[in-house]
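User: I'm new to this one and would like to go through it with you. Could you start with how two of the strands are joined?

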Amino acid sequence: MVVLARPALAGALLASVSVASPVAKELSKKDVDTRYPYNGPTVVIADWVDQTVNGNGKGFYRVSEPPAVTPATANPTNNINVINMAFVPGGMNIHFQTTYGLGQAPKLVYGSTPSDLSMTATGASSTYNREPPCSSYAKATECSQFFHNIQITNLAGGQTYYYQIQAANGTTQSDVLSFVTAPVAGTSGEFSAILLNDMGYTNAQGTHRKMLNMIEEEGIAFALHGGDISYADDFTYGLFPCIEDYHCYNGLNSTKFPEGYEDPIYNEPLPAGEIPDYGGPLGGDSSTIYESNWDIWQRWMSDITTKIPYHTNPGNHEASCTEYDVDHILANYLGHNIANDSDNSGTYDYDLSYWDCPPTQRNFTTYQYRFRMPGNESHGKGNMWHSFDYGLAHFISFDGETDYAHSPESNFLTDTNGRNATPIPAETFANDAGPFGYIEGWGNNTFNNTAYEQYQWMKADLAAVNRTKTPWIIASSHRPMYSTAVASYQVAMRNAFEALFLEYGVDLYVSGHVHWYERLWPLGANGTIDTASIVNNNTYKTNPGKSLAHIVNGMAGNIETHTELGKLQILNITNVLNNKQFGFSKLTIHNASVLTTEYIQGNVSTPGDTFTLIKNAPASGINSQTTTVIVASTPPASGTASVTVHPTAQASGVSSSAATAVSGAASATSGVASGSQSGSSHFTTAASATASAAASTGSQSGSSHSTTAVSATATSAGSSGTQSVASHSSSAASSIASSAASSEAQSAPAQSAPSHPTAPGYAAPSGWAFHHGQGPPGQGPPGQGPPGQGPPGQGPPNWGSSNWGSSRGW
């Protein structure tokens, strides 16, 4: 069997220092293809009236955040600006970033008490030719260009250690910081982690505050960020004129809207506590420069990343400098260095290609330097896919963007339909990337998932899990396999990974990309609802080999705001959906039998959803106390939870199936009639797990799931995230209420969904180049949205129609 890796590409952009450490081995090469020249400006600045790095006072406000280490002098020549951590077997990787090099191997001292840092560890450094370089910035604290990693290993599990990064070449030593190592696999004891996706800087202030408070007050073991991290590529919004979209400011025509454009989301105020800066309603994210977006976001997150390990996997917004264009403005600017020009002037009319982003802003390059995940240590691939154990759980963090058949970020093999040839620019896309692992047989197996290294790694990783030690398996990636927001990449995700998840009994899959919170019913292959696993609306039982739980968790923040439902009908697979509040999920592993998640809302005090997953305890190998789930038909006064975890209750509450809310209805309706939508477009809860939507538009005309109706009410939202929506089942055996006890709670009749512009990539306005139709078609009827550049998005079997006009990437 011949295994071929991707040929080495020209233009390796790395300069390394002190590469003797194994930590630097993975950073010895970056696959960035430079065989076609980059013809754009040396430094791309998304501000037509202020083309300066530091700002001249005429354009957008230049956002700043303090560095991780406060310099000892007012005008330092070098500084430690970012610190983050990640677990490695038997210890921790300390990653930090500086303006310039250190002149020596990075070094820290550490110990088991803050007053005895008698141990020393050294590591390795790396850099790349970022644009603009740090020498362009007025302050050393505003820019990071050198990246350092030090591993401390052979440590005891579950213990606190203290460390201090040493000064070198003008930097200031850090404060004495600390971390807690991961408990060894099989260690009993409750722990909580933060799971988040799709954050950025804008609209994420509430998320940031809640995360920090939870870390300081409740104790959080680690965070796992599933892609779309800094939204650095959204810096380009400052270049676009006002069009039918909510990014509407370029310094020239900030108040002009298209004729006839009504109810623009641009006019809606930011949520309470958000900052109206360049990352506010005036376009872009936190900076006018791609690299500065990363700098600002990472410095801003230092209060969090210096306190807990922060694990990541890639999202589409990490791939390159941009992923869509408007009227070919970017194609002219990046491809020909022609500023503020578009189709209207007739200069150029072509689409962005792979070679139109600056070389260091392609192929996930920046993302690969700015974090350091335990890919090598878990036999994975750098920052793209890895796994780790923590107590009773095994976590898999994998790549939903590249390295599987029909992945949303194309590679050159996909661009050329499997030909082992270099494509010409017109055959490529700006966010082309990967593959980062091998493909057995290379071009001959481009569309064979089992030939991909990531698939083979995942299969081997799952097969090696000892379920008596780590009974829980939690998987994280950026792309969902299922959602009410149907897209063809979901078909590719399922084809690649769903069978493995079911075969090896993955318990929970947490994804993002769709900018809302959505908890699905337990799903088996092809979206079959596993009614046998449903205890009630807020409680499922695991059913290894048959189904798993899914949470779409893409609501941490970001400039693109929430995904709007528009004309989408809530699918029967969806239990809870909230696109009103930003926030994140708190995962708690209580013991070998019970885990819970809470949807923590950034600007609301009560959780937006609570969920419990229960399983039979392993036969042996786990020494853990019993936790019992009490199923309550009447929620607590707070109205936020229908299930309470109670450590002293009788064990009969776990095994009993009497509380299951499974309806015997042969056919039930979803409460949608005459084309109307149940609930608001901001927060809608599926009132029934059936599939017979009675919409006269025909956009969802029945489903193979119509005989598996689950009658259960779900929480929906008024201003505080609580509003009851009743289910309508023709023969409901049980109806478990989880409506909220708030002053604004009420029963919501069916109503038409308000009309709002949809987020980019979902229902693309005609002529937009969000993504480019490379995803495989589903088997359902074609999407109803305006087309992008590729074929219309198509739904999976029996899912009805979608309004997704582009099938690549979204």
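Analyst: In this predicted model, strand E19, which covers residues 517–520, is joined to E23 by 4 bridges, and the two strands run antiparallel.

User: Which residue stands opposite Leu 577 in E23?

Analyst: That is Glu 518, which stands opposite Leu 577 of E23.

User: And what is the order of the strands in the sheet?

Analyst: The sheet is open and has 7 strands, in the order E14-E15-E17-E18-E22-E19-E23, and the pairing is mixed. Strands E14 (386–390) and E23 (574–578) stand at the edges with a single partner strand each, so one side of each has no neighbour in the sheet.

User: What does the twist average from one strand to the next?

Analyst: From one strand to the next, the twist averages 15°.

User: Which helix packs on the sheet, and what does it touch?

Analyst: Helix H7, residues 453–463, packs on the sheet and touches E14, strand E15 (393–397) and strand E17 (472–476), while its direction makes about 180° with that of E15.

User: Changing topic, how many helices and strands does the chain have?

Analyst: The chain has 9 helices and 34 strands, and 64% of its 810 residues count as buried.

User: What about the area that the chain exposes?

Analyst: The chain exposes about 26,400 Å², and carbon and sulfur atoms supply 50% of that area.

User: And which contacts join residues at least 24 apart?

Analyst: Taking the contacts in the chain between residues at least 6 apart in sequence, 71% of them join residues at least 24 apart.

Technical notes. Residues are numbered from 1 along each chain as its sequence is written. This is a predicted model: local features need pLDDT of at least 70, side-chain atom pairs count only at pLDDT 80 or more; totals for chains, interfaces and linings use all residues. Side-chain values use heavy atoms; hydrogens and water are left out. Two strands pair if DSSP finds at least two bridges between them. Axes are lines fitted to C-alpha atoms, for helices over the stretch in contact, and angles run from 0 to 180 degrees between N-to-C directions. Contact means heavy atoms within 4.5 Å. Buried means under 20% relative accessible area, exposed over 50%, partly exposed in between (1.4 Å probe, protein chains only). Accessible areas come from the Shrake-Rupley method with a 1.4 Å probe; for residues, only the protein chains shown count as cover.
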